[in-house]
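Please walk me through this model in the viewer, one selection at a time. I would like to know what to pick next and what is found there.

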Amino acid sequence: MSKRDDLTEAATDYALAHGLIGLSLRPLAAALGTSDRMLIYHFGSKDELVAAVLETSNQRSMALFGAMPPSTSLRAAVIDQWEMWTAQQVQQCQRMYVEAAALGLFGREPYASSVRESNVGWLDTIAAQLIRSGVGVDRAPRLAALIDATFNGVFLDRPLDGDDTARQIVEDLAEAIA
């Protein structure tokens, strides 16, 4: 791995622990054992560093989904995907995604572009797991979009509504699309 790759991995770990909103290069650099100038040297700008962190976080969570075994049915696939979605590692990445999406809503770059790219990758990843679980290739992308939208909404409401409500919504979704 290159020095930039090492820094990207470490910066991603830092951002997952501390968040993106208010990310400052000096504390990040100090935590990584380098200087803010060296970060700029390796990434070109703070925006490029943030884009690399977002991509790495997204790749980590998509890799977990990609490693999921096939589910026994469409209904089971939705439930299995929710179980993975709520796993600690994926939740950390999703929190970072939500922060980036919030900043992207205001047109801030690199957040808007990174979120757009992330969405494409996620839909493909969800659809691929559905296809491995026996869902037709023609149907999987539409179902992936529905699942992704529902999971994101439930994720945002979960701190207010609780796990039981979230689980019921996901079970209702699984039943409805099965």
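Select Leu 143 and show what surrounds it. Setting aside residues up to four places away in sequence, Leu 143 touches Leu 74, Leu 130, Val 135 and Ile 177. This is a predicted model. Leu 143 belongs to helix α8, and because its relative accessibility is 8%, below the 20% cut-off, Leu 143 counts as buried. Now add Leu 123: 20 residues separate Leu 123 from Leu 143 in sequence, and their C-alpha atoms are 9.2 Å apart.

Next, stay with Leu 130 and colour the largest nonpolar core. Which of its 28 residues touch the most other members? They are Val 78, Leu 130, Ile 147 and Phe 151. At least two residues of this core come from each of α4, α5, α7, α8 and α9 (163–177).

Zoom in on Phe 151. Without its neighbours within four places in sequence, Phe 151 is in contact with Val 78, Gln 81, Trp 82, Trp 85, Val 170 and Leu 173. A second core, of 24 residues, lies apart from the one just shown; Leu 16, Leu 39, Phe 43 and Val 115 are among its residues.

Now select helix α7, residues 111–132. Its 22 residues should span 32 Å at 1.5 Å a residue, and the C-alpha atoms at its ends are 31 Å apart, so the two values agree. Colour α7 by burial: the buried residues include Tyr 111, Val 115, Trp 122, Ile 126 and Leu 130. What do the buried residues of α7 pack against? Show α4 (46–66), α5 (74–85), α6 (88–105) and α8 (140–161) to see these partners.

Check both ends of α7. Ahead of α7, Pro 110 sits in the loop between α6 and α7, and the peptide bond joining Glu 109 and Pro 110 is cis, with omega about 10°. After α7 comes Gly 134, which has a positive phi, near 100°.

Finally, go to helix α1 (residues 3–18) and helix α2 (residues 25–32). They pack at an angle of about 115°, and their axes are 10 Å apart. The angle therefore makes α1 roughly perpendicular to α2. The crossing of α1 past α2 is right-handed. To see the contact, show side chains on both helices: α1 contributes Leu 7, Ala 10, Ala 11 and Tyr 14, while α2 contributes Pro 27, Leu 28, Ala 31 and Leu 32.

Notes: Residues numbered from 1 in each chain as written. Predicted model: local features only at pLDDT ≥ 70, side-chain atom pairs only at ≥ 80, totals over all residues. Heavy atoms only, no water. Helix = DSSP H or I, 4+ residues; strand = E, 2+ residues; numbered from the N terminus. Expected span 1.5 Å × (residues − 1). Buried < 20%, exposed > 50% of the residue type's maximum accessible area, 1.4 Å probe, protein only. Contact = heavy atoms within 4.5 Å. Core = buried A, V, L, I, M, F, W, Y, C linked by side-chain atoms within 4.5 Å. Axes fitted to C-alpha atoms, helices over the stretch in contact; angles between N-to-C directions. Parallel < 35°, antiparallel > 145°, perpendicular 65-115°, else oblique. Left-handed = near helix turned anticlockwise from the far one by under 90°.
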